[in-house]
Amino acid sequence: MRVESPGERPSGRSSEVAERALDVLLAFPDSQDGELGVTQIAGMLGLEKSRVHRFLTALVNKGLVVRNPNNHRYALGPRTLALAQAALRQMDVVDVALPYLEQLRDASGETAGLAMRVGNSRVHLVQRESHNELRHRFDIGAPLPLIAGSFGKVLLAASDLPGDELLVGEQGEALRKELDEVRRCGFAESYGERVPGTHSLAAPVRRSGHAAVAIGVSGPATRFTEERGKTFIPKLLTAAAALSEVLTAH
């Protein structure tokens with residue numbers, strides 16, 4: 001009979017523990033508000049709450065998950081953004097997009113940004129901030145809803161991934177119609193849907209025909225008015241098409 005040496009663990013058991021911890025981590029992108037509680041995760045995954053708590057503690061220690069002290073719920077941590085950025089760097093998306101963001105920023109006078117879909121959330125990856133003292137900043141790395149704001153709607157409309165669970169009830173039916181319009185026009189527009197007093201425009205960037213990221217601009221609605229936005233749409237669509245072509249060629 002083989003005797004295990006100290007510290008040795010059966011490979012099957014180790015694999016199962018690692019998979020369950022990853023299941024906990026991968027539950028967060030499907031959260032509509034980006035936060036989950038222990039009981040909620042346990043119900044989603046069919047795990048005991050004590051096990052979920054241990055997995056979350058390990059993920060917090062690694063910076064992959066953070067705990068909200070106000071409501072004792074958890075959200076994706078800053079190191080998940082580092083992982084996403086590392087994956088994107090392999091595809092050169094962020095590096096290739098930077099000149100286009102700077103062009104959009106300079107042409108509009110507003111902050112230009114890049115976002116990607118992560119499950120049922122969106123994450124802003126990089127931005128080039130407006131030079132104006134009063135400006136909008138994207139919350140880099142934070143999971144944000146797909147169903148509010150131009151970036152989220154572009155990603156939801158253009159994505160190959162399903163999102164039917166977000167489109168329920170009367171509100172869901174209205175959103176379906178809006179997404180159809182986004183697909184038809186090739187861009188989305190938002191007036192204070194997520195951040196009051198802001199106006200944003202976004203368009204999809206594709207790689208080999210598949211949605212990769214959303215590119216767009218956002219600024220104070222008092223300056224970046226509906227009229228100014230309409231004059232800027234052709235420049236946004238041109239930038240999105242050019243970036244799509246470059247990414248597809250890589």
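**Two antiparallel sheets and an enclosed cavity**

Strands β8 and β9 run antiparallel and are joined by ten bridges. Helices (H or I, at least four residues) and strands (E, at least two) are DSSP runs, numbered from the N terminus, and two strands are taken as paired if DSSP finds at least two bridges between them. The structure is a predicted model, in which local features need pLDDT of at least 70 and side-chain atom pairs count only at pLDDT 80 or more, whereas totals for chains, interfaces and linings use all residues. Residues are numbered from 1 along each chain as its sequence is written, and side-chain values use heavy atoms, with hydrogens and water left out.

Within the pair β8 and β9, V205 stands opposite V213 in β9. The hairpin of these strands has two residues between them, and S208 takes a positive phi near 55° there. Strand β8 is largely enclosed by the rest of the structure, because nine of its ten residues are buried; buried denotes under 20% relative accessible area, exposed over 50%, and partly exposed in between (1.4 Å probe, protein chains only). On β7, four bridges make an antiparallel connection to β8, and Y191 has H199 in β8 as its bridge partner. The hairpin of β7 and β8 has six residues between the strands, and in this hairpin G192 takes a positive phi near 60°.

These strands belong to an open sheet of six, with antiparallel pairing and the order β6-β5-β4-β9-β8-β7. The edges are formed by β6 (143-145) and β7 (188-191), each of which has a single partner strand, so one side of each is left without a neighbour in the sheet. On average, neighbouring strands of this sheet are turned by 35° against each other, direction ignored. Axes are lines fitted to C-alpha atoms, for helices over the stretch in contact, and angles run from 0 to 180 degrees between N-to-C directions. Strand β4 (residues 111-118) is joined to β9 (residues 210-220) by five bridges, the two running antiparallel, and T111 stands opposite S218 in β9.

Two helices meet this sheet. Helix α5 (residues 93-108) packs on the sheet and touches β4, β5 (121-128), β8 (198-207) and β9, its direction making about 140° with that of β4. Contact means heavy atoms within 4.5 Å. Helix α6 (residues 150-158) lies across β4, β5, β6, β7, β8 and β9 and runs at about 30° to β8.

The loop between β9 and α8 (226-249) holds F224, which counts as buried because its relative accessibility is 1%. F224 and H199 are 25 residues apart in sequence and 6.4 Å apart in space, C-alpha to C-alpha. Leaving aside neighbours within four places in sequence, the contacts of F224 include H199, S200, L201 and V217.

The largest cavity holds about 120 Å³ of space. A cavity is a set of points, on a 1 Å grid over the protein atoms alone, where a 1.4 Å probe fits but cannot get out, and lining residues have an atom within 4 Å of a point. Of the 14 residues lining the largest cavity, R122, R194, T198, S200 and S218 lie nearest its centre. At least two lining residues come from each of β5, α6 and β8.

A further open sheet has three strands in the order β1-β3-β2, with antiparallel pairing. Its edge strands, β1 (35-36) and β2 (65-68), each pair on one side only. Two bridges join β1 to β3 (residues 73-76), and E35 has A75 in β3 as its bridge partner.

Definitions and conventions:
1 Å grid on protein atoms, 1.4 Å probe; cavity = no way out; pocket = protein on both sides within 12 Å on 5 of 7 lines; lining within 4 Å. Points joined across faces, edges and corners; volume = space filled by probe spheres on them.
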